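Hi there,

Here is the structure I promised to pass on. Please have a look at it first, and then read my notes underneath.

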Amino acid sequence: MSQGKVFLIGAGPGDPGLITVRARELIERADVIVYDYLANPQLLDWAGEGVEKLYVGKRSGMHSIPQDEIEELLVDRAGKGLNVVRLKGGDPFVFGRGGEEVSELQVDKIPFEIVPGVTAALAAAAYVGIPLSHREYSSSITFLTGHENPEKQTLSIDFSRYGKTEGTLCLYMGLGQLPRILKELKEGGMPGGRPVGIIQWATLNRQKSVYGTVDTILSEMEAARIGTPAMIIIGEVVAHRTRTEWFEGRPLFGKRIVVTRAREQAGQLSKLLTDQGAEVLELPFISVQAHFDEKLVTEVFAGIAVYEWIIFTSTNGVKQFFDLFYRAYDDIRCLGPMRIAAVGAATAREIEKHKLKVDLIPKQANADALAEELIENEGVESVQILVVTGNQNRQSLVQRLESDEGRAIVDTLPLYKTAKTDLTKDPSAERFRIEGADAVLFTSASTVKSFVDQHAALKLAPDARHPVFGSIGPLTSKTLKDLKLPVAFESPEASLHHFVVETISYLSNPSK
Ligand code: SAH
């Protein structure tokens, strides 16, 4: 059996975007992933199917797996010929016991690689705008640990040695021992007025920071209810941090927002919200699954050249259509010279990914508007049209095109079905039940119906935040009102961009 390898990888400080390209590549190729408390579990989404994922960090109320057992685990899996990714928060060689793990691998002659990561001190400083070095105020940066061994909880460092430094001190794992550390720093000559910043959960949506001086920081910290994990930065540079808080100051920072779309589509809205600082919970009320009649698909593809128009009503339809098409043909010209119509800009964009121009996008993003524009502007009498769709009501589109006004010859090709998801086991739904949210955003009438439908699976815990409801437009609002859900705000235009702007405006001034 070929020898496996262990990749000791820095997972960065929390924000998945701060991991290295190399690390991501290795996660994608891993057979086994061993990760701990500070490595963001979202990173595991990049792993392939069936990868063994082993959590070795602390669980609430329980001890973490002892270090020697972790080392044994790495040796065992690599010995079996597997590629093992060992993911550690920040950088593996900065207070991460990476050195110990590597020694053990060497004893057992297991090949390894080391991938550095963004360590917490650098990340925390950047995310609150503290320049760690500064030509005028600091020409050295020291990384210190508040306790060398988390299990021992004792200090062997003499902090008074650092009291005289003019440079910047970055203290890891220092919260528990902070009173004693500050006392020793002062005994060593550090002025009580030296600025101190503490940053908890740096780079994540729950980041919190507090500032003071060596003399005042303990009471400031208590008032701000800062807890672990936190980075403590001591030095004149703390007072020279950027005046704008580029991270914590973003408009939706600290807000939790629920997006109610099928998983496959939620991406774009979530991204817009996350860019504004929100934490997004994607609740997959509806799941989209491929669902089609094999024989019908073959027939349609065989005769595809007869259609003058092909109509796509959704991005799912486009994706599914081209998946099947490329399975059958390896030349896009097999599609023939037909013209293409799409309901909605998102659907059109999905088609354009295949370097195909969309000839018609109705001004209003609905199927009736499309039928009307086709009939009025193009004339469809005796024209053969293919409608690619899901299992839901595109009847009116077909009827309209075939009616006396249109007289087209229409075939429908249903390619997927939408169904209700089981939210009782969904991790995002679990977060929602326990912690609630600031807002739930509805992007269509059907998402409202699903929300009400799933009511039982979404019952909020007593002290969860109670969300307001936002709607993308009049039709969605009407459905909300019909179902007795109060509409807190409505997007002035039916676009994701306007919806996000309206969400920001409402949440920053709800009484308006
Ligand atoms: N190897 C890690 C450090 C592990 S020690 C690294 O390079 O960052 C754990 C300590 O790191 C925590 O107690 C805390 O002091 C710090 N830390 C890790 N992630 C952090 C974060 N997101 N925000 C603030 N401090 C963090």
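Below is what I found, starting with the domains and ending with the cysteines.

Please keep in mind that this is a predicted model. The chain is divided into domain 1 (5-117), domain 2 (121-240), domain 3 (256-285 + 421-508) and domain 4 (289-419). Domain 3 is thus written as two segments, 256-285 and 421-508, while domain 4 covers 289-419.

I looked at how domain 3 and domain 4 meet. Taken over C-alpha atoms, their centres are 30 Å apart. Five residues from domain 3 and five residues from domain 4 make up the contact. Between these two domains, about 320 Å² of area is buried, and carbon and sulfur atoms give 23% of that. On the domain 3 side, the residues touching domain 4 are one nonpolar, three polar and one charged.

What about specific pairings across that interface? The count of salt bridges between domain 3 and domain 4 is zero. Polar contacts give zero residue pairs as well, with both residues required to be at pLDDT 80 or more.

Now for the cysteines, which you may want to look at on the bench side. How many disulfides does the rule count? The count comes to zero. As for exposure, C170 has 0% relative accessibility and therefore counts as buried, because the cut-off for buried is under 20%. C334 is at 32%, so C334 counts as partly exposed, since that value falls between the 20% and 50% limits.

Best wishes

Technical notes:
Residues are numbered from 1 along each chain as its sequence is written. This is a predicted model: local features need pLDDT of at least 70, side-chain atom pairs count only at pLDDT 80 or more; totals for chains, interfaces and linings use all residues. Side-chain values use heavy atoms; hydrogens and water are left out. Domain bounds come from an automatic or database domain assignment. Contact means heavy atoms within 4.5 Å. Buried area is the accessible area (1.4 Å probe) that two parts lose on being put together, summed over both. A salt bridge is a side-chain nitrogen of Lys or Arg within 4 Å of a carboxyl oxygen of Asp or Glu. A polar contact is a pair of N or O atoms within 3.5 Å; within protein, one must be able to donate a hydrogen and the other to accept it, and residues adjacent in sequence count only if both atoms are side-chain atoms. Ala, Val, Leu, Ile, Met, Phe, Trp, Tyr, Cys and Pro count as nonpolar, Asp, Glu, Lys and Arg as charged, and the others, Gly among them, as polar. A disulfide is a pair of cysteine sulfur atoms within 2.5 Å. Buried means under 20% relative accessible area, exposed over 50%, partly exposed in between (1.4 Å probe, protein chains only).
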